[in-house]
Protein chains: 2
Amino acid sequence: MPRHITSFSNDTVKRLRSLREKKARRLEGLFLAEGLRIMAEARDVGVLPEIVACAEGDLHPLAAEIVAQAEAAGAEAIVVPDEIMAKMSGKDNPPLLLGAYRQPRLGLADLDRSTSPMWFVAEKLRDPGNIGTILRTGDAVAAGGLILVDDSADPYSVEAVRASMGAIFTQKIVQVPWEPFLAWLREEPGQLVGTSLQTDHDYLDPTYEQPCFLLVGNEQAGLPDAYEAECDLLVKMPMLGRADSLNAAVATAVMAFHIRASWR
Amino acid sequence: MPRHITSFSNDTVKRLRSLREKKARRLEGLFLAEGLRIMAEARDVGVLPEIVACAEGDLHPLAAEIVAQAEAAGAEAIVVPDEIMAKMSGKDNPPLLLGAYRQPRLGLADLDRSTSPMWFVAEKLRDPGNIGTILRTGDAVAAGGLILVDDSADPYSVEAVRASMGAIFTQKIVQVPWEPFLAWLREEPGQLVGTSLQTDHDYLDPTYEQPCFLLVGNEQAGLPDAYEAECDLLVKMPMLGRADSLNAAVATAVMAFHIRASWR
């Protein structure tokens, strides 16, 4: 049975609250997911929280089920008043359920590129919303996962988890510097595809090979020249207006859906 | 010459600050754009701010040029210390330049559908970032504009303007209830295309007509059945993973780029 907690200074409350900060997430190896929808997604793929907090009052039957399963698996469960829920979630209108989940912390050796024809690789993404949205798109195109190259925003931040709409629990995520990524990439077949302004290759023309590693650059700066030079294929998306770039998550999705369509 | 202001309670400072709120934007008919990049975009398409604020110290030559042009066109210009810039922009790391621009406030009668083969129509979008990102995509595919149907987030909010990366100044924006939109749509040729889970039509198969009006539904609920029923074409994007939807701005972009490609 969940313990009833009414103090803001309770250790579990403080611990959950701390997970809004990157430093605490890194130290604890945990991350927050908020709301029944995403927590049900996690449960449906066999992932349960290690700590779960629910609001006072009657729980939704599905929420009660998740709490019971989490407790049976050894999780700590607490019930807290709305004010504490609001404090933990940073929202005036807090979720009825939130959970702290273990970060898988995978390395390149944990990826089996034969499991999917498409993988996303992103360089120095700064916006956690973009990372979450790319994960969500990855689920839609059955990508194998997202390799975050160099120093990116935290894919386990609350904003990224929320934007992923549950894909944080299904897409494999690896964080790694460029050089080891490149060494790993070249160990086996795999086509590295970058989008660039410095090419005349229209994105509709080439034949995309499998597995395809789709490389996305930083929101402001795009891909460094040295990274473009390593691509097996550079393509350009036509920009018909005044701007010369798309939102990073949008560009990734347009490319991914086109490549998927080209394979049909 | 810009006036030097050091008081938080100065009327112009308070007025600029107030434009972070929807109510003030509606009352004043103005909106904020922050930073040199987007304000240079505006200037390059002939749009100048009615009020402009710059940080103390040497101005970037391009910023100085914009300020001078705005003043010559009758704008009020002020120079303020960093603390006031931070207060007005809501950022610890404030921009060096910000401006208040007039909202065009167009109606359907201001749209000439023959000027573009593609138009975006969005229903009850809640996330201003999505609206801005859709405007940015609209620029990339040379869409004519964005028609916001029913009650949407404010396209002139700071988040939407920022995500638009300048497209707020080039894409035509109309806010209108569904019924008058539909009546206007049917006055002349135009194919209304919706994405839906309730169809077997794959998005790659149909012939898209010009002008095409691409209809995007609310982030949570998608399109109401009654709105889907009005579509000339309903298509489905394949979802290969667990989720049944994409981010609204992502779905719009994937469809728009595919339709553009299908016309080549």
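How far apart do the end C-alpha atoms of residues 10–98 of chain A lie, and how much of the span is helix and strand? In this predicted model, those end C-alpha atoms lie 16 Å apart, and the span is 49% helix and 19% strand. The legends below start from that span and then move on to other close-ups.

**View 1. Two annotated spans of chain A.** The UniProt record, an unreviewed entry, annotates residues 10–98 of chain A as "domain: MRM3-like substrate binding". The same kind of label is given further along the chain: UniProt lists residues 120–256 of chain A for "domain: tRNA/rRNA methyltransferase SpoU type", again from an unreviewed entry. For residues 120–256 of chain A, the end C-alpha atoms lie 9 Å apart, with 31% of the span in helix and 20% in strand.

**View 2. Strand β10 of chain B and its two neighbours.** Here we look at residues 212–216 of chain B, which form strand β10. Five of these five residues are buried, so the strand is largely enclosed by the rest of the structure. In a regular strand the side chains alternate between the two faces of the sheet. On β10(B), B:Cys212, B:Leu214 and B:Val216 point one way, while B:Phe213 and B:Leu215 point the other way. Strand β6 of chain B (residues 118–123) runs parallel to β10(B) and is joined to it by five bridges. Strand β9 of chain B (residues 191–195) also pairs with β10(B) in the parallel sense, over four bridges. B:Leu214 is a good place to rest your eye: B:Phe120 stands opposite it, and B:Val193 has it as bridge partner.

**View 3. Where chain B meets chain A.** At this interface, 34 residues of chain B are in contact with 34 residues of chain A. About 2900 Å² is buried between the two chains, and carbon and sulfur atoms give 55% of that area. B:Arg136, B:Arg242 and B:Phe257 supply 23% of the area that chain B buries against chain A, more than any other three residues. On the polar side, 16 residue pairs are in polar contact across the interface, with both residues at pLDDT 80 or more. Helices α3 (36–44), α6 (128–140) and α10 (248–262) of chain B each supply at least two residues of the side that touches chain A. Of the elements on that side, α10(B) gives the most, with seven residues.

**View 4. Salt bridges between the chains at Arg264 and Asp202.** The count of salt bridges between chain B and chain A is six, and the whole structure holds 26 over all chains. Side chains of opposite charge can pair when their charged atoms come close. One of the pairs is A:Arg264 with B:Asp202, whose closest N and O atoms are 2.9 Å apart. Another salt bridge is formed by the side chains of B:Arg264 and A:Asp202, at 2.8 Å from N to O. B:Arg264 lies in the segment after α10 of chain B and A:Asp202 in the loop between β9 (191–195) and β10 (212–216) of chain A, so this pair joins two chains. Are these two partners buried or exposed? B:Arg264 counts as exposed, at 58% relative accessibility, whereas A:Asp202 counts as buried, at 13%.

**View 5. A salt-bridge network around helix α3 of chain A.** Salt bridges that share partners join A:Glu41, A:Arg43, A:Asp44, A:Glu65 and B:Arg242 into one network. Within it, B:Arg242 forms a salt bridge with A:Glu41, the closest N and O atoms being 3.2 Å apart. That pair crosses between chains, from the loop between β11 (233–235) and α10 of chain B to helix α3 (residues 36–44) of chain A. B:Arg242 is partly exposed, at 41% relative accessible area. A:Asp44 forms a salt bridge with A:Arg43, with the closest N and O atoms 3.1 Å apart. A:Asp44 is partly exposed, at 44%, while A:Arg43 is buried, at 18%.

**View 6. The buried residues of helix α3 of chain A.** The buried residues of α3(A) are A:Ile38, A:Met39, A:Ala40, A:Ala42 and A:Arg43. They pack against β2 (30–34), β3 (51–55), α4 (61–72), β5 (97–102) and α7 (158–164) of chain A. Just after the helix, A:Gly46 takes a positive phi of about 85°.

Methods
Residues numbered from 1 in each chain as written. Chains lettered and ligands numbered in written order. Predicted model: local features only at pLDDT ≥ 70, side-chain atom pairs only at ≥ 80, totals over all residues. Heavy atoms only, no water. Buried < 20%, exposed > 50% of the residue type's maximum accessible area, 1.4 Å probe, protein only. Pairing = 2+ DSSP bridges. UniProt positions renumbered as here; feature names shortened; annotations may be inferred. Contact = heavy atoms within 4.5 Å. Buried area = accessible area lost by both parts, 1.4 Å probe. Salt bridge = Lys/Arg side-chain N within 4 Å of Asp/Glu carboxyl O. Polar contact = N/O pair within 3.5 Å; in protein donor to acceptor, adjacent residues only side chain to side chain.
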